[in-house]
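Here is a short report on a protein structure. The chains come up in turn, followed by selected helices and the core.

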Amino acid sequence: MSFYLAAVLQALCLGPLVLGVYLTMKVFRFPDITADGSYTLGAVVTAIGLVNGWSLWWCIPLVVLSGAIAGICSAWIHNRIKVNLLLAGILVMTALYSVNLSILGRSNVPLLQYGTLFNWLTVFRTSDSNTLIIVTCILCLLISFMTYLLRTDFGLAMRATGDNEQMLRALGVNTARMKWIGLAIANGLVALSGSLIAQFQGFADVNMGIGVMITGLGSVMIAESVVLLFGIKRIAFVLLAVISGMVLFQLILAFSLSLGINPVMLKLVTALIVLLAVSIPQLRVYGKRF
Amino acid sequence: MLSVKGLHKSYGKLEILKGVDFEVKQGEIVSIVGASGAGKSTLLHIIGALDKADAGKVVVNGKDIHRMDAKELSDFRNKHIGFIFQFHHLLPEFTAVENVCMPAFIAGKSKKETEVRAMELLTLLGVEQRASHKPEALSGGEQQRVAIARALMNNPAIVLADEPSGNLDSENAAALHQLFVDLRDKLHQTFVIVTHNEELARISDRTVLMKDGLIVLD
């Protein structure tokens, strides 16, 4: 059972990541690959902070800021040098590997002996329960923030930019500015996820971001199927579905491992789950036709 | 209302506009006609500050748009220009009334005031009963009427339309053309319309013919 609880906790720690991926995928309609680098950057900044005894009150905002700067770099390359957003993300992600390695000084830093966000609060006797309550509180705050943001005039313009950029320009929206801000928020969230995972797993590794974007994407796709299935329209519930998508994704992975699947094949299983999630809307159409 | 002088625009070595001059008065409906590739849409995009000219001057409502930075241009488009495209470009996740409200929300106007104005416009255009429907639930003619309501939301100085009836059947196209005349009469609204439609050109106050990047008949 604790095996599945660990999967749920990991999924919740990945919650901010999937909110960030949702923002770029569903709101701006493109996959921002910067996430693979900014996720690790969040973990690396956290590791450096904990090792050097920084207060978490300073460390967490710094993590979010570092991710936001990574996002701004991608937006800058796209807006100023007119490079395709996908390629801009790939370039920043690639550059961040060297940045992360330089900051961390080596490929892996253990964090088990340092005080983290999850052992800061001791409401419950078990550390898993403490982790659950802290990460749930963080996600509630983030969902509230994003729900509020996406319902403001600014948020409406942001959502509409993804719908039809040309029209939004014609309506007087500075779409370049929307991308600056959107990518900064998204990558700030992704970096926060990297930080939470590093604290939860007890280490930071320069390779921990590889494929994390795909995980986020898979969760958003699962959530999209749920949203379509139940006709969910309210933003807060959509965001909740997105987090639930990640929980479901991690539980499926945990279930696969419990069946005895070789961990070496885990990435293959991940890819197949994403493929299945992406296929569900198509399978629904196919099912209706026959 | 609109003054264009010596407008030049090239894409690489291809010269699209070769020195365009023309003026539009308040409350006029001006149709720009010409063969494909004559530079009509490019001219419209430059007038609407969606594109920049290489040389020349565009003054809309007393404002020289080429002196503006990106932020000022966005603000200018929002407050002074209304756009109607061949395809309605309504935002699929928002209802008709929300689509109409969008320019006012972007301008930071209050929700209550905006919604009242949006409903007035939808009523004026005869689609008020479709306010809460999403674009996919509207007919082609209704979609284009909602797009016109959106273009009028912020009381623009000028409405720029690029083949507005190009995607409609003849009956809906005729109704849309009459709508432009009605809006000109009721609101004294200025329209600059790029079209291939002879009927629309005929009912306009003026027709401007473009050929090879120049105005050859006004």
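## Chain B and chain A

In chain B, 54% of the 218 residues count as buried. The model is predicted. Chain B carries seven helices and 10 strands. A compact globule with 218 residues would have a radius of gyration near 17 Å, and chain B agrees because its own value is 17 Å.

Chain A is built from 12 helices and two strands. Its elements run in the order α-α-α-α-α-β-α-α-α-α-β-α-α-α. Here the globule rule predicts a radius of gyration near 19 Å for 290 residues; chain A has 19 Å, so it agrees too. Of these 290 residues in chain A, 53% are buried.

The table sets out further values for each chain.

| Property | Value |
|---|---|
| Chain A, C-alpha span along principal axes | about 55 × 50 × 35 Å |
| Chain B, C-alpha box along principal axes | roughly 45 × 40 × 30 Å |
| Chain A, accessible surface | about 13500 Å², 69% from carbon and sulfur atoms |
| Chain B, accessible surface | about 9600 Å², 50% from carbon and sulfur atoms |
| Chain A, contacts at least 6 apart in sequence | 79% join residues at least 24 apart |
| Chain B, contacts at least 6 apart in sequence | 69% join residues at least 24 apart |

Now the charges. Chain A has 17 positive and 8 negative charges, and their mean positions are 6 Å apart. Chain B has 26 positive and 29 negative side chains. The centres of those two sets in chain B lie 5 Å apart.

## Two covered helices of chain B

Helix α1 of chain B spans residues 40-47. Six of its eight residues are buried. They are B:K40, B:T42, B:L43, B:L44, B:I46 and B:I47. B:A49 follows α1(B) and has a positive phi, near 60°.

Helix α3 of chain B covers residues 96-106. Nine of its 11 residues are buried, so the rest of the structure largely encloses this helix. Among the buried residues of α3(B) are B:N99, B:C101, B:M102, B:P103 and B:F105. What do the buried residues of α3(B) pack against? In chain B, the partners are α2 (70-80), α4 (111-124) and α5 (140-152). From chain A comes α7 (153-163). Just after α3(B), B:G108 takes a positive phi of about 85°.

## A buried glutamine in chain A

A:Q199 sits in helix α9 of chain A, residues 175-201. Is A:Q199 buried or exposed? Its relative accessibility is 5%, so A:Q199 counts as buried; the cut-off for buried is under 20%. Neighbours within four places in sequence aside, A:Q199 contacts A:T46, A:L50, A:L56, A:I60, A:T116, A:L117 and A:F118.

## The nonpolar cores

The largest nonpolar core has 156 residues. Which residues have the most contacts inside it? From chain A there is A:L19. From chain B there are B:L2, B:L7, B:F22, B:L43, B:I148 and B:F180. B:L43 is also one of the buried residues of α1(B).

Residues up to four places away in sequence are not counted for B:L2, which touches B:F22, B:E23, B:V24, B:I47, B:V58, B:V59, B:V60, B:I158 and B:V192. Apart from the largest core lies another, of 10 residues. Its members include A:V45, A:V63, A:I77 and A:A191.

Key: Residues are numbered from 1 along each chain as its sequence is written. Chains are lettered from A and ligands numbered from 1 in the order in which they are written. This is a predicted model: local features need pLDDT of at least 70, side-chain atom pairs count only at pLDDT 80 or more; totals for chains, interfaces and linings use all residues. Side-chain values use heavy atoms; hydrogens and water are left out. A nonpolar core is a set of buried Ala, Val, Leu, Ile, Met, Phe, Trp, Tyr and Cys residues joined through side-chain atoms within 4.5 Å. Buried means under 20% relative accessible area, exposed over 50%, partly exposed in between (1.4 Å probe, protein chains only). Contact means heavy atoms within 4.5 Å. Helices (H or I, at least four residues) and strands (E, at least two) are DSSP runs, numbered from the N terminus. The radius of gyration is taken over C-alpha atoms; the globule rule is 2.2 Å times the number of residues to the power 0.38. Accessible areas come from the Shrake-Rupley method with a 1.4 Å probe; for residues, only the protein chains shown count as cover. Lys and Arg count as positive and Asp and Glu as negative; His and the chain ends are not counted. The place of a charge is taken as NZ of Lys, CZ of Arg, CG of Asp or CD of Glu.
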